[in-house]
Amino acid sequence: MVRTVDESARIALACLDLTSLNDGDNEADILRLAERAAAAPGRVAALCVWPRFVRLARAHAPPGVAVAAVANFPEGSSDIERALRDTGEIMQAGAQEIDLVLPWRALLAGDDAACVALLRAVRRASEGLRLKVILESGELAAPVLVAQASRLALAEGADFLKTSTGKTPHGATPDAARVMLQAIAADPRAAAHAGFKASGGVRSVADAAVYIEMVESTLGAGALVPARCRIGASGLLADIEAV
């Protein structure tokens, strides 16, 4: 479908995970994040923060805006206990969503079992929360590895496949997105409900429009809703407002 820039901006806004994951984040930064969401020309999907700021974000998020927090982030280690500690902190603080980094280095080393074990443990521990699995697709690089990571995550109950942490030199790319979306569409258990999140380097409505169009062409126009399409960014909101 050919849509106007304004239409793309409205979809991007509704699907935006407004993010603050800087190493030096403090309470004032999270309050500013919530204020940015409240002042936006429409409702964003979620605020995405470090686990230690979930309670503060929940207290100040605009009505209807979810709070997501990151786990096993940004390293994506194979340490299940660490991932479970993050998950427990996130759940106890009242977040509705978890953005979990897949142990992508283990996948590169051929250790699928380590990935499965961590994904399974976190999925069981986070029942009732939306689970977005970050593949770090730019570091996996090869389409066959991105596809493999996608299948593993979906098989272990991921609600979303997410491209990147935004903490490596390689963020979201259309090539990786295509592979991830095709994996969702090809999975009979996930095709009707799993979603896709582009994150890492999405700074403009034009950037977001590329992924919006890819979600629509692969999963259908009905997937252009926050339940199935997200864009993770910190600076994108300014361009949305400008549009």
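These are my notes on salt bridges and aromatic pairs in a predicted model.

**Entry 1: the salt-bridge count**

I started with charged side chains. How many salt bridges does the count come to? It comes to 19. I didn't go through the whole list, just a few pairs and one network.

**Entry 2: around Arg 82**

Arg 82 caught my eye because it is in a salt bridge with Glu 75 and also in one with Asp 86, by the 4 Å cut-off for a side-chain nitrogen and a carboxyl oxygen. For Glu 75 and Arg 82, the closest N and O atoms are 3.1 Å apart. For Arg 82 and Asp 86, I noted 3.5 Å, N to O.

Where do Arg 82 and Asp 86 sit relative to one another? Both are in helix α4, which covers residues 80–93. They are four residues apart, so about one helical turn separates them.

Next I looked up how buried or exposed these three are. Glu 75 has 39% relative accessibility, so I put it down as partly exposed. Arg 82 has a relative accessible area of 21% and is partly exposed as well. That value made me check the cut-off: buried means under 20%, so Arg 82 falls outside it. Asp 86, at 15%, counts as buried.

**Entry 3: Glu 97 and Arg 230**

Then I went to Glu 97, which forms a salt bridge with Arg 230; their closest N and O atoms are 2.8 Å apart. This pair links distant parts of the chain, with the two positions 133 residues apart in numbering. Glu 97 belongs to strand β4 (residues 97–101), and Arg 230 belongs to strand β8 (residues 229–233). Are they buried or exposed? Both Glu 97 and Arg 230 are buried.

I also followed the contacts outward from this pair. Glu 97 and Arg 230 belong to a network of salt bridges that also takes in Asp 17, Asp 99, Arg 130, Lys 132, Lys 162 and Lys 197.

**Entry 4: aromatic pairs**

Last, I turned to the rings. Searching the whole structure gives two aromatic pairs. I wrote up one of them, Trp 50 with Phe 73. The ring centres are 5.5 Å apart and the planes are at 80°, so I logged the pair as edge-to-face.

This pair, too, links distant parts of the chain, its members being 23 residues apart. Trp 50 is in the loop between β2 (46–49) and α3 (54–60), while Phe 73 is in the loop between β3 (66–71) and α4. Trp 50 is buried, with a relative accessible area of 11%. Phe 73 is at 4% relative accessibility and counts as buried too.

Definitions and conventions. Residues are numbered from 1 along each chain as its sequence is written. This is a predicted model: local features need pLDDT of at least 70, side-chain atom pairs count only at pLDDT 80 or more; totals for chains, interfaces and linings use all residues. Side-chain values use heavy atoms; hydrogens and water are left out. Buried means under 20% relative accessible area, exposed over 50%, partly exposed in between (1.4 Å probe, protein chains only). Rings of Phe, Tyr and Trp (its six-membered ring) pair if their centres lie within 6.5 Å; planes under 30 degrees apart count as stacked, over 60 as edge-to-face and the rest as tilted.
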